[in-house]
Amino acid sequence: MSTAQPQPTPMPVVDGMTTLREKLDLGLEAIAAKNFQKAAELLDPEALPRDAEIPLKIEWASALYTARAHDQSDALFGRMLTQHPGDRSVHVAFAKQLYHAGFLRRAHDVLNAVSDQLAAGSKSLSLFNRTKHLLSVLEDKEGVAPVPHDDCRLLAMKHATLAFRGRDASPLQKDEVGRITLITGSLGPGGAERQLSRTAAQLERWRSRGEAVAGVMVKRQVEVLVRSHGPEQEHDFFLPDLLDANVALGEINKMEPMAPSKFDISDADLRILLEYLPPKVNFGIRRLVPHLLKSRPDVVSIWQDGACLFAALAAIIAGVPKIQLAIRGLPPSQRRHLFQPEYEQMYRTLAQVPGVQFLSNSKAAAQAYAEWLEIPVERFDILYNGVGKMESHSSPDVERQWADFVTSTPDADHTIGGVFRFDTDKRPATWIRFAARYFRKHPNSRFVIVGGGRLLDAARDQAQQLGIADRILFVGRSTNVGFWVKHFDVMVLMSRFEGLPNVLIESQFMGIPVVSTPAGGAAECFIEGKTGHILSDADKPDLDEACEKVNDLVGRAHNPNVFSSDTQAFLEENFSVSQMLENFVRLACKA
């Protein structure tokens, strides 16, 4: 006589055919492919019935969080706490998520409700004890207990940094410096990356020849550290320049991480704070502290906001005497697409640590950061970009491309040009609309744009729609930028956000006048009314004003009365590579 075997409970069916498990798996696949919007749609909590099994509901809520649907995940966990009061697995899973998100108070309260169920020696009890300890430390440091929606990772970063307010940052010798380490995210084809690579390469060449810079000898090999200098997304664009100069190179992604508990730190409160930092800060200290302790640089110069976030605290922990925070444009408070909540807290606390120096490549950016952070603008030293004179070399192909364009526009007697990446900050669509407006007013004009990027095809389509496709030559990315610029009568930049636009300086070095929006430090790059004009508004450029100011400059290109010795002196004294390097070293040794 056979005994009937119990049958597994069938999974609920969704949309008439897909089981909940299958739908969850599809959501997880979308997360793995970084298609978070699709994942959130697949994992709509409304598709999850009340009687679904608890482990599946927990996994579903956790997947929503990974898909960046944080509010939906929180709501689903909240529903589970109501439906399954006292279920330890729900409380522990939710508390872990809250803990990693920075919400210590909520994590503590969720675990406290089941604290009598947490087994001795278990990971869940360890987590509960850690939340209590961190809350106690933060309350002591802040003078007030964290509330449920405080991101306590930011508070941990704040007080970990402030622990070094009394550190000894002895000034460097005035006539020599040991190792200089420059840090940024990558060696991609950006303006900041070019300046950093140029600085490191030339300093190392002078060091290897035994030459002083601004009266200072650099005693050890110059070092550059980046998260990655691999070929992905052209992160290796300036790598050959550094290799050619024999600069020491390091990839932070490949450095062996070390837990903060292994750092030589006696302060127990600081040790626990260092274990609870925002993810990017945590990434940096675990990899950079061991490296910098071994490398022992005298100066760490960190370029751009993102790199400051992952490298500044690491340099402080490692005891680097001089730490430069080199900002390269307007603050993230004004560039919302780059904003991260860590930035304001980070900069405000770093400003209180001895040996930390703020650098800006424009007065406009320094003023904007000072106002945002509510610190004196005098805290910022200005280090203008060092811009080399572009070579105007060509090739048979580019010569032919230019000749063909001239032949196709025989009625044009002047050329308006632009050199920029086709991305949102540079506003190529505004540039194309300007070109259409200018051409209607001045039909004897032609236009050339050098540069590539994700918005290039859209710009071509826009030119076609506006009826000026045959008057604009889209060169694309080019290694012969100087060749094209020398054929311009006026260079035009329509950016919304800038640091110090190198292209405006390079154009003037080649004798080409410029017109720009007042983005970043653009107005500091030229002599207003002589070698260029600044427009009234960076947010909404007046295209008629742009047309008028561009036309005013037509005829000044290569004019010796315009690009006189005074003009050349202005460019050399502010923006030459040699002047930038001397200023960099002088500021590095500044007390």
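**A walk through the sheet and its surroundings**

Let us start with a unit you can trace by eye: strand β10, helix α15 (residues 363-373) and strand β11 together make a β-α-β unit, and that unit is right-handed. Please keep in mind as you look that this is a predicted model. The two strands of the unit are also partners, since β10 and β11 (residues 380-382) pair in the parallel sense over three bridges. If you want a landmark for this pairing, go to Phe358, whose bridge partner in β11 is Phe380.

Now turn to the other neighbour of β10. Strand β9 (residues 322-327) is joined to β10 by five bridges, and these two strands run parallel. A good place to find the pairing is Ile327, which stands opposite Ser360 in β10. To get from β9 to β10, the chain passes through helix α14 (residues 342-350), and this β-α-β crossover is right-handed.

How enclosed is β10 itself (residues 356-360)? Five of its five residues are buried, so the strand is largely enclosed by the rest of the structure. The cover is found on both faces: Val356, Phe358 and Ser360 are buried on one side, and Gln357 and Leu359 are buried on the other. Here a residue counts as buried when its relative accessible area is under 20%.

With β10 in place, step back to the whole sheet. As a reminder, strands of a sheet pair through backbone hydrogen bonds, either parallel or antiparallel. In this structure, seven strands form an open sheet with parallel pairing, and their order is β7-β6-β4-β8-β9-β10-β11. The edges are β7 (248-251) and β11, each of which pairs on one side only. On average, neighbouring strands of the sheet are turned by 25° against each other, direction ignored.

Further along that order, strand β4 (residues 180-186) and strand β8 (residues 299-303) pair in the parallel sense, with four bridges between them. Thr181 marks the spot, as it stands opposite Val300 in β8. Helix α12 (residues 279-295) packs on the sheet and touches β4, β6 (223-228) and β8, with a direction that makes about 160° with that of β6. Another helix to look for is α23 (residues 577-588), which lies across β4, β8, β9, β10 and β11 and runs at about 135° to β9.

A few single residues are worth a visit. Val218 is found in strand β5 (residues 217-218). Is Val218 buried or exposed? Its relative accessibility is 6%, so Val218 counts as buried. Leaving aside neighbours within four places in sequence, Val218 is in contact with Val177, Gly178, Ile180 and Arg207. Arg207 lies eleven residues away along the chain, yet its C-alpha atom and that of Val218 are separated by 5.7 Å.

Leading into β5 is a loop that begins after α9 (191-208), and Ala214 is found there. Ala214 has a phi near 55°, a positive value in a residue other than glycine. With 32% relative accessibility, Ala214 counts as partly exposed. Asn246 also has a positive phi, of about 65°, although it is not a glycine. You will find Asn246 in the loop between α10 (239-244) and β7.

Next, visit a pair of helices. Helix α1 (residues 20-32) and helix α3 (residues 54-66) pack at an angle of about 25°, and their axes are 10 Å apart. The two helices are therefore roughly parallel to each other, a term used for angles under 35 degrees. Their crossing is left-handed. On the α1 side the contact is made by Leu20, Arg21, Lys23, Leu24, Leu28 and Ile31, and on the α3 side by Leu56, Glu59, Trp60, Ala63 and Thr66.

The last stop is strand β14 (residues 472-476), which is mostly covered, with five of its five residues buried. Ile472, Phe474 and Gly476 point one way from β14, Leu473 and Val475 point the other way, and all are buried. Strand β13 (residues 445-450) pairs with β14 in the parallel sense over four bridges. Within this pairing, Ile449 has Phe474 of β14 as its bridge partner. The chain crosses from β13 to β14 through helix α18 (residues 456-465), and this β-α-β crossover is right-handed.

Note on methods. Residues numbered from 1 in each chain as written. Predicted model: local features only at pLDDT ≥ 70, side-chain atom pairs only at ≥ 80, totals over all residues. Heavy atoms only, no water. Buried < 20%, exposed > 50% of the residue type's maximum accessible area, 1.4 Å probe, protein only. Pairing = 2+ DSSP bridges. Right-handed = clockwise from strand over helix to strand, strands pointing away. Axes fitted to C-alpha atoms, helices over the stretch in contact; angles between N-to-C directions. Contact = heavy atoms within 4.5 Å. Parallel < 35°, antiparallel > 145°, perpendicular 65-115°, else oblique. Left-handed = near helix turned anticlockwise from the far one by under 90°.
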